[in-house]
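Take a look at the model below. Start with the ligand, then follow the chain around it.

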Amino acid sequence: MSGGGPVADVIVIGGGLVGAALAYGLSREGQAVTLLDEGDNAFRASRGNFGLVWVQGKGSRSPAYARWTRASADLWPAFATQLLEETAIDVGYRKPGGLTLCMSEAEMESRCTLLQGLRTSLHEYDFQMLDRLELRELLPAVGETVVGASFCPHDGHVSPLLLLRALHQAILDRVAYRPGEEVIAIERRDGLFHVRTRRGTRAAIQLVLAAGLGNAKLAPRVGLQAPVVPVRGQILVTERLQPFLPLPTMQVRQTEVGTVMLGDSHEEVGFDVSTTVAASRDITRRAIAQFPFLGDVQMIRTWGALRVMTADGLPIYEQSQTHPGAYIVTCHSGVTLAAVHAKQLAPAIARGDLPPELDAFCAERFEECHVVQAQ
Ligand SMILES: Cc1cc2nc3c(=O)[nH]c(=O)nc-3n(C[C@H](O)[C@H](O)[C@H](O)COP(=O)(O)OP(=O)(O)OC[C@H]3O[C@@H](n4cnc5c(N)ncnc54)[C@H](O)[C@@H]3O)c2cc1C
């Protein structure tokens, strides 16, 4: 604690997937890390997401984001193995590639144009368009109205809850984890960040804001901005079924234990995690069109969770100019990016400098007149 207590190298605020991956990566760099987390009552995207590690289509208007996402997908196999070795938790990561199903010829065409555009701008981009017959060979359960799909070999999926658990387990002995500590004030004094919660004040040389939607309030206290808003996503889960889906699609994926996740709505309804009949109806209707036999299975659970969204859908990574040593890290694909956060971003923060390829993710971009949707 400050005022005589130990000074950490880094305080990370937020123990969701972003903060936990960073705390994990920082501690592996030998940093003394304190992780302050408001806790289970807070809004937590990390506990309500779909579990895709997804590359295809990401960054169609931002090559930097497409490269960053791909870098994370490439790091994922070793990252999952490392977590397994350190914690004995198998996070269920699988990389069979992923499919985006298309329900009309027009959808097929626009999907192909989007992915071809990525191939042109990145010079190398692996994808394949599958027609109805090719798709049926891969997925015999697919519905008659599905016209085809795009396939990308770099896509995969994971159990997001096991991922969060493994990260927390891995840092248990290495990081001073403080749950139930909502940060209410931050001050910079004598070259240190003094971070106040209702239980006291802690000090550190560096500070990382990884508080999801909570970053919006915290960032201005250290000369940063985090214009993030909640976007609700509702998800449904079925009873356990025999394996029928060997690779995930963007909206339907079968988990390791056989349940099928059906996702997900995109709703701008503020800080409201309720579920609605209308969204459940739309989600199930679409899923049944894609896989008709799902009409006969039991739904066992549904929930709503809030995405942490910027206006262009891209992350914010930035070091404060007015408060050097303070960083903001926020993104809307914290599962996909967990590997690159732990293995590349955390070491960069430990060195005290973000690499130039992350310049594209400064919050300054929101000051420009036109913010376009990223994907
Ligand atoms: C429906 C849905 C589907 C999704 N699907 C996918 C997917 O398939 N693949 C993918 O990559 N991503 C997906 N995501 C996004 C992913 O879940 C998020 O990007 C990720 O969970 C964000 O993690 P986070 O740590 O930034 O935020 P959160 O999980 O929201 O965690 C923020 C943490 O900060 C803490 N906090 C907040 N304020 C304070 C404060 N003042 N002091 C201390 N602590 C504080 C909270 O307690 C919380 O623990 C999905 C999200 C949703 C909602």
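This report covers the ligand site and then two residues in strands.

## About the model

This is a predicted model, in which local features need pLDDT of at least 70, side-chain atom pairs count only at pLDDT 80 or more, and totals for chains, interfaces and linings use all residues. Residues are numbered from 1 along each chain as its sequence is written, and side-chain values use heavy atoms, with hydrogens and water left out.

## The shell around the ligand

The ligand has 39 residues around it. A residue counts as near when one of its heavy atoms lies within 4 Å. Asp37, Arg44, Ser46, Gly334 and Thr336 come nearest.

Sorted by class, the shell holds 17 nonpolar, 15 polar and 7 charged residues. Here Ala, Val, Leu, Ile, Met, Phe, Trp, Tyr, Cys and Pro are nonpolar; Asp, Glu, Lys and Arg are charged; the others, Gly among them, are polar.

## Polar contacts and cover

Some contacts use the protein backbone. A polar contact is a pair of N or O atoms within 3.5 Å; within protein, one must be able to donate a hydrogen and the other to accept it, and residues adjacent in sequence count only if both atoms are side-chain atoms. A ligand nitrogen is 2.8 Å from a backbone N or O atom of valine 183. Another contact joins a ligand nitrogen to a polar backbone atom of phenylalanine 50, at 3.2 Å. For leucine 17, a polar backbone atom is 3.2 Å from a ligand oxygen.

On its own, the ligand has 1,000 Å² of accessible area, and the protein covers 96% of that. These areas come from the Shrake-Rupley method with a 1.4 Å probe; for residues, only the protein chains shown count as cover.

## Elements and domains

Helix 1 (17–28), strand 2 (33–37), strand 12 (229–238) and strand 15 (299–309) each give two or more residues to the shell. Strand 15 gives the largest share, 3 residues. Helices (H or I, at least four residues) and strands (E, at least two) are DSSP runs, numbered from the N terminus.

The ligand lies between domain 1 (7–51 + 162–227 + 312–367) and domain 3 (229–309), because both give residues to its shell. The domain bounds come from an automatic or database domain assignment.

## Two buried residues

Threonine 238 lies in strand 12. Its relative accessibility is 0%, so threonine 238 counts as buried. Buried means under 20% relative accessible area, exposed over 50%, partly exposed in between (1.4 Å probe, protein chains only). Among the residues that threonine 238 touches, not counting those up to four places away in sequence, are Thr259 and Met299. Contact means heavy atoms within 4.5 Å.

Alanine 204 is in strand 11 (residues 200–209). Alanine 204 also counts as buried, at 0% relative accessibility. Alanine 8 is 196 residues away along the chain, yet the two C-alpha atoms are 4.5 Å apart.
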